[in-house]
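User: Please take a close look at the charged pairs in this model, with attention to how open each partner is to solvent. Close with the nonpolar cores.

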Amino acid sequence: MVPGSSPGGTTKTPLSCLALRVFYYYQARIYYFYVVHKNLVIKLITVVCLTLGYTTPQALAQESKDITSLAYGNGQWALVMSSGTGYETQGYKLNPSFPSDKISDGWDKKQDVTLLSYCNGSWMVVMSADGDNAQSWKTSRDFPKNKIQEEWDNGKDVVALDYGGGLWGLVMSSGSGYGLQTWVTSGNFPQDDISEGWDEGKDITSISYGNGVWALVMSESDLHSQKWWTRSYFPEDQIKEGWDEGRKITSLTYGDGVWVLVMSKGSGLHSQQWWTRSNFPKDEIKEGWGASRPDSPWFIDDLDLPY
């Protein structure tokens, strides 16, 4: 009789093999959960460590990052990626036309627009798994003040605003966490409007330039202790200064010949990294996402663009 078999022919699995199968099964399940929910796992571990007085794990420094800013100016792309966003997945699309179809595809995948930027002749949309909020978008040749008011009345807030190709692109969303919002357009950089907004308890949540005007949106939010800089060159030293003071990059844009950098406390972001490149920083995005990010649902590869 063959060892491990009964006379009736039914194969029995040795206990050691069964234990190994169970071990590998649960190991695979645990690994899958960790890969998909890595940021959440690290946050939970960090909270426990801080509560018990232990040192935060080194894994936090290696936490995967998400796209939080992308701009183009002076012949270079500037990318900012941050950990601590809370997004589980993220995808992007770069297209010369406004990416309305890709926004709809993202919504079908339960993803929200978390960044909209016009860069070097193309619209860049970034969509992230961010709670399946109710969103709407609008493009118009004139500044979309009526659409903003309409969506404010529907309980949405401005979460993305930029200008390119002769159009303003606007995205508004529920679930932003913002309180009251205000907007202003100005032919000059709106430094007085920023100071007035700060005095009213609001912070910069969007700033962009297009069609000869600056568009500033300020909101009641968890952000605080903001600083801003305008520079004709990329503000590398100012970023370091802000980081040294405990601030994070919450906005980086280029317009009217200057880089505009906004850094804040209270963003909830962890580590950040930035790159400047002459070509679109596709490889840097993949590097920031890390191995724990599944492949983006959309790729730059399917566009014949000279970047």
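Analyst: A residue is partly exposed when its relative accessible area lies between the limits for buried, under 20%, and exposed, over 50%. With a relative accessible area of 24%, K227 therefore falls in the partly exposed class. This is a predicted model, and its salt bridges number 10.

K227 is paired with E245 in one of these salt bridges, where the closest N and O atoms are 3.6 Å apart. The two residues are 18 apart and link distant parts of the chain. K227 belongs to strand 12, residues 224–231, whereas E245 sits in the loop that runs between helix 6 (236–244) and strand 13 (248–255). E245 is also partly exposed, at 33% relative accessibility.

Other salt bridges share partners, and in this way K147, E150, E151 and K156 are joined into one network. Within that network, the side chains of K147 and E150 meet at 3.9 Å, N to O. Both residues lie in helix 4 (residues 145–153); they are three residues apart, which means a separation of about one helical turn. Their surroundings can be read from accessibility: K147 is buried, with a relative accessible area of 16%, while E150 is partly exposed at 43%.

A further salt bridge is formed by E200 and K202, with 3.2 Å between the closest N and O atoms. Here E200 has 43% relative accessibility and counts as partly exposed, but K202 is buried, at 8%. As a general point, side chains of opposite charge can pair when their charged atoms come close.

The nonpolar side is next. In soluble globular proteins, nonpolar side chains tend to be buried together. The largest nonpolar core in this model has 15 residues, and I67, Y92, M124, F280 and I285 are those with the most contacts inside it. At least two residues of this core come from each of strand 1 (66–73), strand 2 (76–82), strand 3 (90–95), strand 4 (112–119), strand 5 (122–128) and helix 7 (282–289). Strand 2 contributes the most, with three residues. Another core, of 11 residues, lies apart from the largest one; V80, I239, I249 and L252 are among its members.

Notes. Residues numbered from 1 in each chain as written. Predicted model: local features only at pLDDT ≥ 70, side-chain atom pairs only at ≥ 80, totals over all residues. Heavy atoms only, no water. Salt bridge = Lys/Arg side-chain N within 4 Å of Asp/Glu carboxyl O. Helix = DSSP H or I, 4+ residues; strand = E, 2+ residues; numbered from the N terminus. Buried < 20%, exposed > 50% of the residue type's maximum accessible area, 1.4 Å probe, protein only. Core = buried A, V, L, I, M, F, W, Y, C linked by side-chain atoms within 4.5 Å.
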